[in-house]
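Visitor: Good morning. May I ask some questions about the structure on display?
Guide: Certainly; please begin wherever you like.

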Amino acid sequence: MTTDNNSKFISLFLNKIRAENGLAKNTLLSYGKDLQKLEIFLKNHQIKIEFASKENIQQYLRSDELQSFKSTSLQRKISCFKNFYNFLSYLFCSCKFFLK
């Protein structure tokens with residue numbers, strides 16, 4: 001993983017869910033891979049991960065790369081992305097509160 005802000009957000013998220021949610025190691029690895037692939041897709045479209053819209057995520061989920069995945073894998077990806085963006089929302093709101 002690179003050291004830009006996007007990957008820092010991914011690392012922060014993975015560290016948080018590792019510490020708080022007690023997810024299995026394989027689930028954490030899958031979440032990390034899912035987010036890295038999303039990050040690459042977004043970078044190819046000149047979009048920072050923290051500014052991706054719902055439509056950007058939907059476009060990724062409809063991409064050819066994901067068409068051969070099982071529905072359970074797609075559901076995991078959707079769950080991962082929802083949790084990641086909820087985390088970012090919380091993170092940004094907390095930062096705004098402390099910066100006031």
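Visitor: Let me start with K77 and D34. Are they buried or exposed?
Guide: Both K77 and D34 are buried. Please keep in mind that this is a predicted model.

Visitor: What do the side chains of K77 and D34 form?
Guide: They meet in a salt bridge, with 2.7 Å from N to O. This pair links distant parts of the chain, since K77 belongs to helix α4 and D34 to helix α2 (residues 25-44), 43 residues apart.

Visitor: What do salt bridges that share partners join together here?
Guide: They join D34, R76 and K77 into one network. The side chain of R76 also meets that of D34 in a salt bridge, at 3.0 Å from N to O. That pair, too, links distant parts of the chain: R76 lies in helix α4 and D34 in helix α2, 42 residues apart.

Visitor: Why does D34 count as buried?
Guide: D34 counts as buried because its relative accessibility is 3%, and buried means under 20%. R76 has a relative accessible area of 25%, so R76 is partly exposed.

Visitor: And why can such side chains pair at all?
Guide: In general, side chains of opposite charge can pair when their charged atoms come close.

Visitor: How many salt bridges are there by this rule?
Guide: The count comes to 3 salt bridges. One of them is formed by the side chains of K16 and E20, at 3.2 Å from N to O.

Visitor: Where do K16 and E20 lie?
Guide: Both lie in helix α1, 4 residues apart, which is about one turn of the helix. K16 is partly exposed, with a relative accessible area of 28%. E20 counts as exposed, at 58% relative accessibility.

Visitor: Let us change topic. How many aromatic pairs are there?
Guide: The count comes to 5 aromatic pairs. One of them is formed by F13 and F84, whose ring centres are 5.4 Å apart; the angle between the planes is 80°, and the pair is edge-to-face.

Visitor: Where in the chain do F13 and F84 sit?
Guide: F13 is in helix α1 (residues 5-20) and F84 is in helix α4 (residues 71-99). They are 71 residues apart, and the pair links distant parts of the chain.

Visitor: Is F84 buried or exposed?
Guide: F84 is buried, because its relative accessible area is 0%. F13 counts as buried as well, at 1% relative accessibility.

Visitor: What kind of aromatic pair do F84 and Y85 form?
Guide: F84 and Y85 form an edge-to-face pair, with 5.1 Å from centre to centre and 80° between the planes. Y85 is buried, with a relative accessible area of 19%. The cut-off is worth recalling here, since buried means under 20%.

Visitor: Which residues do ring pairs link into a cluster?
Guide: The cluster consists of F13, F84, Y85 and F87, linked by ring pairs.

Visitor: Now to pockets. What is the volume of the largest pocket?
Guide: Its volume is about 200 Å³.

Visitor: Which residues line the largest pocket?
Guide: The lining is made up of A52, S53, K54, I57, Q58, L61, I78, F81, K82 and Y85. Y85 thus appears in this lining and in the aromatic cluster.

Visitor: Which helices each supply at least two residues of that lining?
Guide: They are α3 (54-61) and α4. By residue type, the lining divides into 6 nonpolar, 2 polar and 2 charged.

Visitor: I would also like to look at the loops. Where does S63 lie?
Guide: S63 lies in the loop between α3 and α4. At 15% relative accessibility, S63 counts as buried. A polar atom of the S63 side chain lies 2.7 Å from the backbone oxygen of Y60.

Visitor: And what about Q46: where is this residue found?
Guide: Q46 is found in the loop between α2 and α3. Q46 has a positive phi of about 55°, although Q46 is not a glycine.

Visitor: Is Q46 buried or exposed?
Guide: Q46 is exposed, because its relative accessible area is 71%, and exposed means over 50%.

Visitor: Thank you for your patience.
Guide: You are most welcome.

Notes. Residues numbered from 1 in each chain as written. Predicted model: local features only at pLDDT ≥ 70, side-chain atom pairs only at ≥ 80, totals over all residues. Heavy atoms only, no water. Phe/Tyr/Trp six-rings, centres within 6.5 Å; stacked < 30°, edge-to-face > 60°. Buried < 20%, exposed > 50% of the residue type's maximum accessible area, 1.4 Å probe, protein only. 1 Å grid on protein atoms, 1.4 Å probe; cavity = no way out; pocket = protein on both sides within 12 Å on 5 of 7 lines; lining within 4 Å. Points joined across faces, edges and corners; volume = space filled by probe spheres on them. Nonpolar A, V, L, I, M, F, W, Y, C, P; charged D, E, K, R; others polar. Polar contact = N/O pair within 3.5 Å; in protein donor to acceptor, adjacent residues only side chain to side chain. Salt bridge = Lys/Arg side-chain N within 4 Å of Asp/Glu carboxyl O.
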